[in-house]
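Trainee: Please take a close look at one part of this model, chosen by you, and then set it against the rest. I would like the residues and the numbers, in one connected account.

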Amino acid sequence: MFRFCSSPLLLLLLVGLCGAAEECGDDFRPGSDDFVLDTKDAVKDGAALLATHNVSIDEECETRCCNDPRCNVALLGPRDAGATEDTRTCVLFDCVHKNHFVCRFLKQAGYQSYLKRSVFQRYLKAPGEGDLSLPIANAGRDVVVQPGEVVMLNGSESFALHDAKISDYKWSLQSEDNGMTMEVTTRGG
């Protein structure tokens with residue numbers, strides 16, 4: 001048996017399997033704490049809810065997402081103070097639809113998320129900025145505006161990645177429209 005285990009082919013196969021298990025955790029990065037996925041809007045915009053699990057170890061949620069090739073966002077709910085078991089709800093999503101990242105996050109205490117690194121690199125990371133990333137901008141729900149209506153843009157649900165802080169909000173008009181004007185107000189956010 002010892003001679004069989006020392007076979008270079010078997011050793012290579014075992015190293016490959018162990019390497020794949022270790023690499024799984026490296027495929028994900030933590031999102032900002034205390035942000036929950038806006039599931040209703042995400043699903044409406046094309047995100048797919050893949051599965052829901054109860055997990056007792058936070059890393060198990062990341063592993064479950066890693067084991068599903070369609071999963072690119074894992075969301076951990078807060079611990080239930082009144083529960084008899086020490087578990088959290090783990091929800092798995094595919095947030096890429098028609099080559100766009102369609103999930104948005106809202107600030108809410110107790111939630112934690114994991115994002116697949118390749119999805120983060122492609123859709124959320126600022127180009128050419130190393131590990132620094134642009135904040136995730138959220139100006140509120142999409143609205144249809146009629147002529148003459150006023151729309152207030154508010155970035156209070158936006159969040160910065162890593163330990164960065166948002167210091168200023170600046171809105172710009174992407175295409176000219178003769179009937180549209182923009183005003184800066186003194187309101188925060």
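**A surface patch and its setting**

Mentor: M182 is located in the segment after α5. The model is a predicted one, and the values below are computed from it. M182 has a relative accessible area of 43% and counts as partly exposed, because this value lies between the 20% and 50% cut-offs. M182 belongs to a nonpolar surface patch of about 740 Å². The other members of the patch are V143, V145, V151, L153, Y169, W171, L173 and M180.

W171 leads from the patch to a glycine. G155 and W171 are 16 residues apart in sequence, and their C-alpha atoms are 9.6 Å apart. G155 also lies in the segment after α5, but with a relative accessible area of 0% it is buried.

For scale, the whole protein has an accessible surface of about 13200 Å², and carbon and sulfur atoms make up 54% of that. Of its 189 residues, 31% count as buried. The secondary structure consists of five helices and nine strands, in the order α-α-β-β-α-β-α-β-β-β-β-β-β-α along the sequence. Among contacts with a separation of 6 or more, 65% are between residues 24 or more positions apart.

Next, the interior. The largest nonpolar core has 20 residues. L37, V73, F93, C95, F101, C103 and F105 have the most contacts inside this core. Two or more of its residues come from each of β2 (35–37), β4 (73–76), β5 (88–94) and α5 (117–124). Beyond its neighbours within four places in sequence, L37 touches L75, F93, C95, C103, R104 and F105. A separate core has eleven residues, including C65, A74, L76 and L92.

R104, one of the contacts of L37, leads on to the charged groups. Salt bridges number eight in the structure. One of them joins the side chains of D45 and R104, with an N to O distance of 3.4 Å. D45 is in the loop between α3 and β3 (48–55), while R104 is in the loop between β7 (100–101) and β8 (105–107), so this bridge ties together parts 59 residues apart in sequence. R104 is buried at a relative accessible area of 18%, whereas D45, at 27%, is partly exposed.

A second bridge links K44 and D41, at 3.8 Å from N to O. Both residues lie in helix α3 (residues 39–44), and because they are three residues apart, about one helical turn separates them. K44 is exposed, with a relative accessible area of 61%; D41 is buried at 5% relative accessibility. D41, K44, D45 and R104 are linked in a network of salt bridges.

R79 takes part in another charged group. D86 and R79 form a salt bridge in which the closest N and O atoms are 3.3 Å apart. The side chain of R79 also makes a polar contact of 3.1 Å with that of D58. R79 is partly exposed, at 38% relative accessibility, while D58 is buried, with a relative accessible area of 18%. D58 lies in helix α4 (residues 58–66). Residues up to four places away aside, D58 touches L76, R79, R88, Q112 and Y114. L76 in that list also belongs to the core of eleven residues.

Two backbone values may be worth checking. D34, in the loop between β1 (28–30) and β2, has a positive phi near 65° and is a residue other than glycine. D34 is partly exposed at 31%. K98, in the loop between β6 (96–97) and β7, likewise has a positive phi, of about 50°, without being a glycine. K98 is exposed, because its relative accessibility of 69% is over the 50% cut-off.

To return to the starting point, M182 is partly exposed and contributes to the patch of about 740 Å², while G155, 9.6 Å from W171 between C-alpha atoms, is buried.

Note on methods. Residues numbered from 1 in each chain as written. Predicted model: local features only at pLDDT ≥ 70, side-chain atom pairs only at ≥ 80, totals over all residues. Heavy atoms only, no water. Helix = DSSP H or I, 4+ residues; strand = E, 2+ residues; numbered from the N terminus. Buried < 20%, exposed > 50% of the residue type's maximum accessible area, 1.4 Å probe, protein only. Polar contact = N/O pair within 3.5 Å; in protein donor to acceptor, adjacent residues only side chain to side chain. Contact = heavy atoms within 4.5 Å. Core = buried A, V, L, I, M, F, W, Y, C linked by side-chain atoms within 4.5 Å. Patch = residues over 30% accessible without salt bridge, like charges linked within 9 Å, V, L, I, M, F, W, Y side chains within 5 Å. Areas by Shrake-Rupley, 256 points an atom, 1.4 Å probe, with all protein chains shown as cover. Salt bridge = Lys/Arg side-chain N within 4 Å of Asp/Glu carboxyl O.
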